[in-house]
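This briefing goes through one protein chain topic by topic. Please keep the sequence and the 3D view open while reading.

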Amino acid sequence: MIKETSKSCDVVVVPAGVPRKPGMSRDDLFKVNADTVKAIAQVVAAKCPKALVAIITNPVNSCVPIAAEIMKKDGAYDPKRLFGVSTLDIVRARTFIGEVNGVDPKEVEIPVIGGHSGITIIPVLSQSKPAFKGDQAAIETMTKRIQEAGTEVVKAKAGAGSATLSMAYAAYRFSNSLLRGLKGEKGVMECSYVESKITDAAFFSTPLVLGKNGIEHNCGLPKLNDYEKKQLEKAIPEIKKNIQKGIEFAKC
């Protein structure tokens, strides 16, 4: 069925996979969800190789490289058209900052770079607009809360699942941005985990300008303060490890 329904698609959004349960990390999901992403990537390569592909399935840090490697095998890989959806981290950051600042989250703009798990999530609070109201201790607390928000939800649901409504909203927001870019709208920007030469990690999330061909421009790293630079240094080795795990799986 999926082979026929995906034929000639312009956008493919991949939320398939099992959710996290208490005690599970996104990496624990790898054994189950990696096969799902591999199978879908094979279908995309065969039926809609020009589609913009948005991977939501966790662990995103590893699943996006899996999709890339599978599509490369079939000569269907275009790095401008494959995205790891890390939008939920931005949605959470905007919400938490809005609570602290006493403003509507819709009024908050903040880049969240890196990856989509734990310490690889780097909210660039120094670039928040409006400015985040808090001292260094508050900044560190907020950073950790954004990084661990997914685990907070899993614990709160006590085995009943992971983020659902918030992830659905994040998926809608990112998918809508892809469609706006495809229609030719100018100035559409989102952070997303994509193939990148911005850092030593082969995949990395930074602000992107989206357009008819997917990624029109990678805006690179926003200005980082010393604390954020240290967060980046911690994140890179973990992201590289996640990427390698995905690549090795795809070669099996």
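Which residue with a positive phi follows α7? That residue is Gly184, and its phi is near 100°. The model is a predicted one. The points below cover two helices, the two domains, the salt bridges and two single residues.

**Helices α2 and α7**

- Helix α2 covers residues 30-47, which makes 18 residues. At 1.5 Å a residue α2 should span 26 Å, and its end C-alpha atoms are 25 Å apart, so the two values agree.
- Several residues of α2 are buried, including Phe30, Val37, Ile40, Val43 and Val44. Asn33 and Lys38 are also among the buried residues of α2.
- Helix α7 runs over residues 165-182 and also has 18 residues. Its expected span is 26 Å, and the C-alpha atoms at its ends are 26 Å apart, which agrees.
- The buried residues of α7 are Met167, Ala170, Ala171, Arg173, Phe174, Ser175, Ser177, Leu178 and Gly181.
- What do these buried residues of α7 pack against? They pack against the strands β1 (11-14), β2 (52-55), β3 (82-84), β6 (188-195) and β7 (203-211), and against helix α4.

**A buried serine in α7**

- Ser177 is a residue of helix α7. Is Ser177 buried or exposed? Its relative accessibility is 2%, so Ser177 counts as buried.
- Apart from neighbours within four places in sequence, Ser177 is in contact with Val188, Glu190 and Leu210.
- With Glu190 there is also a polar contact, side chain to side chain, at 2.8 Å.

**The two domains**

- The domain assignment gives domain 1 as residues 11-84 and domain 2 as residues 86-240.
- How far apart are the C-alpha centres of domain 1 and domain 2? They lie 19 Å apart. The contact takes 23 residues from domain 1 and 33 residues from domain 2.
- The size of an interface is often given as the accessible area lost when the parts come together. Between domain 1 and domain 2 the buried area is about 2200 Å², and carbon and sulfur atoms give 63% of it.
- Zero salt bridges are found across the interface of domain 1 and domain 2. The count of residue pairs in polar contact between domain 1 and domain 2 is nine.
- On the side of domain 1 that touches domain 2, the elements giving two or more residues are β1, β2, α3 and β3. Of these, α3 gives the most, with five residues.

**Salt bridges**

- How many salt bridges does the count come to? It comes to six, and three of the pairs are described here.
- Glu69 and Lys72 form a salt bridge through their side chains, at 3.1 Å from N to O. Both residues lie in helix α3 (residues 60-73), three residues apart, which is about one turn of the helix.
- An α-helix has 3.6 residues a turn, so residues three or four places apart point the same way.
- Glu69 counts as buried because its relative accessibility is 18%, under the 20% cut-off. Lys72, at 42%, counts as partly exposed.
- Asp78 and Arg81 form another salt bridge, and their closest N and O atoms are 3.3 Å apart. Arg81 is buried at 14% relative accessible area, while Asp78 is partly exposed at 28%.
- A salt bridge also joins the side chains of Glu99 and Arg145, at 3.6 Å from N to O. This pair links distant parts of the chain: Glu99 is in helix α4 (residues 87-101) and Arg145 is in helix α5 (residues 136-147), 46 residues apart.
- Glu99 is exposed, with a relative accessible area of 53%. Arg145 has 32% relative accessibility and counts as partly exposed.

**A glutamine in a loop**

- Where does Gln127 lie? It lies in the loop between β5 (121-123) and α5.
- Gln127 has a relative accessibility of 27%, so it counts as partly exposed.
- Leaving aside neighbours within four places in sequence, Gln127 is in contact with Glu109, Pro111, Pro222 and Lys223. The side chain of Gln127 reaches the backbone oxygen of Lys223 at 3.3 Å.
- Gln127 and Val112 are 15 residues apart along the chain, and their C-alpha atoms are separated by 9.8 Å.

Methods
Residues are numbered from 1 along each chain as its sequence is written. This is a predicted model: local features need pLDDT of at least 70, side-chain atom pairs count only at pLDDT 80 or more; totals for chains, interfaces and linings use all residues. Side-chain values use heavy atoms; hydrogens and water are left out. A salt bridge is a side-chain nitrogen of Lys or Arg within 4 Å of a carboxyl oxygen of Asp or Glu. Helices (H or I, at least four residues) and strands (E, at least two) are DSSP runs, numbered from the N terminus. Buried means under 20% relative accessible area, exposed over 50%, partly exposed in between (1.4 Å probe, protein chains only). The expected span of a helix is 1.5 Å times one less than its number of residues. Contact means heavy atoms within 4.5 Å. Domain bounds come from an automatic or database domain assignment. Buried area is the accessible area (1.4 Å probe) that two parts lose on being put together, summed over both. A polar contact is a pair of N or O atoms within 3.5 Å; within protein, one must be able to donate a hydrogen and the other to accept it, and residues adjacent in sequence count only if both atoms are side-chain atoms.
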